[in-house]
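Thanks for making time this morning. I would like to walk through one model with you, beginning with its cysteines and then moving to the sheet and the packing.

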Amino acid sequence: MSATPAPRGDFPILARTVRRGLPLVYLDSGATSQRPQRVLDAVRAMDTQHNGAVKRGAHLLAEEASEAYERAREQVAAFIGAAPDEIVWASGSTQAINLVAYAMSNVSAGRGDSVESRRGVDPHVFSVGPGDVIVTTRAEHHANIIPWQELCLRTGATLRWLDLDAEGRIDLSTLDRIDEHTKLVAFTHVSNVSGAISPVAQIVEAARKVGALTFLDACQSVPHIPVDFHELGVDFAAFSGHKMLGPTGIGALYGRAELLRALPPYQFGGSMIEVVTMEKTTYADPPARFEAGTMPVAQAIGMGEAAVYLTEIGMDKIARYEAELTRRMLASLTKMPGIRILGPEGESNRTGAVAFAVDGVHPHDVGQFLDSKGIAVRVGHHCAQPIHQHFGVFASTRASLGPYNTVEEVDYFVESLAEVRRYFRVED
Ligand code: PLP
């Protein structure tokens, strides 16, 4: 076995066998990644040694839990080039995107003044209504389409989208859909289907030119390439713990500090307030303002540990290694009869999420056949129907890489896939 940037021995699950005792070949990290022992240990230590209510008690456990919770925020912030108060815990990218969409409709419904614009930004920058436009792209996961569709339906604003070219990359000739009516541009950093890396700089520039905000869905970039939100110049971003070797049930919203300060809350309850009377409530500063109720504390600590683990390995190293595996996979798949890659066929400017259609074989059959060989891949529409519509298919099979995959696993996957059409007797 070749050396992987994330040592395989760190991941207990990778040692298990699957069907008929075959070794597990896990090529589904785009859906959810596996977790190293360090992350499992961090969550367990929280549960077995330090569990206490965060920021609510005067006892030692509460103090330890609160410190660990905030340390995790610092770790995650450092990982993506942000300040700790620019990181809001959420249950995942989906919740982080909904948080901003609902907060925007609260402003649009006249609640922009519920937070004092103490330091600069006028909350009405978040207000949308008839005549205003939200722009997204056809490459998005449903989590970065539907919250904006619903925001438009609630407020009377219009949804537009950037289209894609034949390879599934964002077609820059459609950038003019970002115009002076645009209030926000929400787009993915990396497509979970095509693996294409979006032209962030051009989109941010187009948005800035017309005074629109930007929201980056970084779910599929943060685990695979170095990401610095300040450098990218985006206003908001979302990413999920479980896709970056961390636990499920936790993720983060990044927001530029002055924007978060001007954004009203979208969920209300404990831990997000300053003063409550029966008549009126004033809200805490971010990030607490957006963390109503009891948060998934152990999971946040696990996500912090995952961020440290990835940082120690080095995201440059992971990106280089995964690019090499992707090149190897694509070089074989592009030559294979009856296989159509749904995304760029070259390895440059893309990651290792490789979706493909097999001529004459349904993706579920492909998935089951590969599963019988011990290979785990994703099948279906991957919560991204519009990009499948763009490619003219209902569904696809997707192999997606993580920093623990080996060259041998990629070769075994390629050899197995080469047998699929013969097995289902659809060879040319
Ligand atoms: N955005 C992209 C690009 C994704 O790939 C996913 C998950 O597959 C999501 C958003 C939603 O992430 P979560 O289910 O962790 O909220």
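Cys152 has a relative accessible area of 6%, and because the limit for calling a residue buried is under 20%, Cys152 counts as buried. Please keep in mind throughout that this is a predicted model, and that what I quote is computed from it. Cys383, by contrast, is partly exposed, with a relative accessible area of 26%. Does the model hold any disulfides, or, put better, how many disulfides are there? The count is zero, and for Cys383 in particular the nearest cysteine sulfur belongs to Cys219 and is 11 Å away, whereas a disulfide would need the two sulfur atoms within 2.5 Å.

Let me turn to the sheet. Seven strands form an open sheet in the order β2-β8-β7-β6-β5-β3-β4, and the pairing is mixed. At the edges stand β2, residues 87-90, and β4, residues 158-162, each with a single partner strand, so that one side of each has no neighbour in the sheet. From one strand to the next, the twist averages 20 degrees. As a general reminder, strands of a sheet pair through backbone hydrogen bonds, in either a parallel or an antiparallel manner. Here, strand β7, residues 236-240, and strand β8, residues 251-255, are antiparallel to one another and pair over five bridges, with Phe236 having Gly255 of β8 as its bridge partner.

Two helices can be placed against these strands. Helix α2, residues 60-79, lies across β2 and β7 and runs at about 115 degrees to β2. Helix α4, residues 146-155, packs on the sheet, where it touches β3, β4, β5 and β6, and its direction makes about 150 degrees with that of β4.

Finally, the nonpolar packing. The largest nonpolar core has 75 residues, and those with the most contacts inside it are Ile87, Trp89, Val222, Phe229, Phe239 and Met244. Helix α8, residues 297-313, supplies the largest share of this core, 10 residues, and the core draws at least three residues from each of domain 1 (8-27 + 314-423) and domain 2 (43-312). If we take Val222 and set aside its neighbours within four places in sequence, what is Val222 in contact with? The contacts of Val222 are Phe79, Ile80, Val227, Phe229, Phe239, Met244 and Met315. There is also a second, separate core of 33 residues, which includes Val100, Ala143, Leu184 and the Phe236 mentioned earlier.

Technical notes. Residues are numbered from 1 along each chain as its sequence is written. This is a predicted model: local features need pLDDT of at least 70, side-chain atom pairs count only at pLDDT 80 or more; totals for chains, interfaces and linings use all residues. Side-chain values use heavy atoms; hydrogens and water are left out. A nonpolar core is a set of buried Ala, Val, Leu, Ile, Met, Phe, Trp, Tyr and Cys residues joined through side-chain atoms within 4.5 Å. Buried means under 20% relative accessible area, exposed over 50%, partly exposed in between (1.4 Å probe, protein chains only). Helices (H or I, at least four residues) and strands (E, at least two) are DSSP runs, numbered from the N terminus. Domain bounds come from an automatic or database domain assignment. Contact means heavy atoms within 4.5 Å. Two strands pair if DSSP finds at least two bridges between them. Axes are lines fitted to C-alpha atoms, for helices over the stretch in contact, and angles run from 0 to 180 degrees between N-to-C directions.
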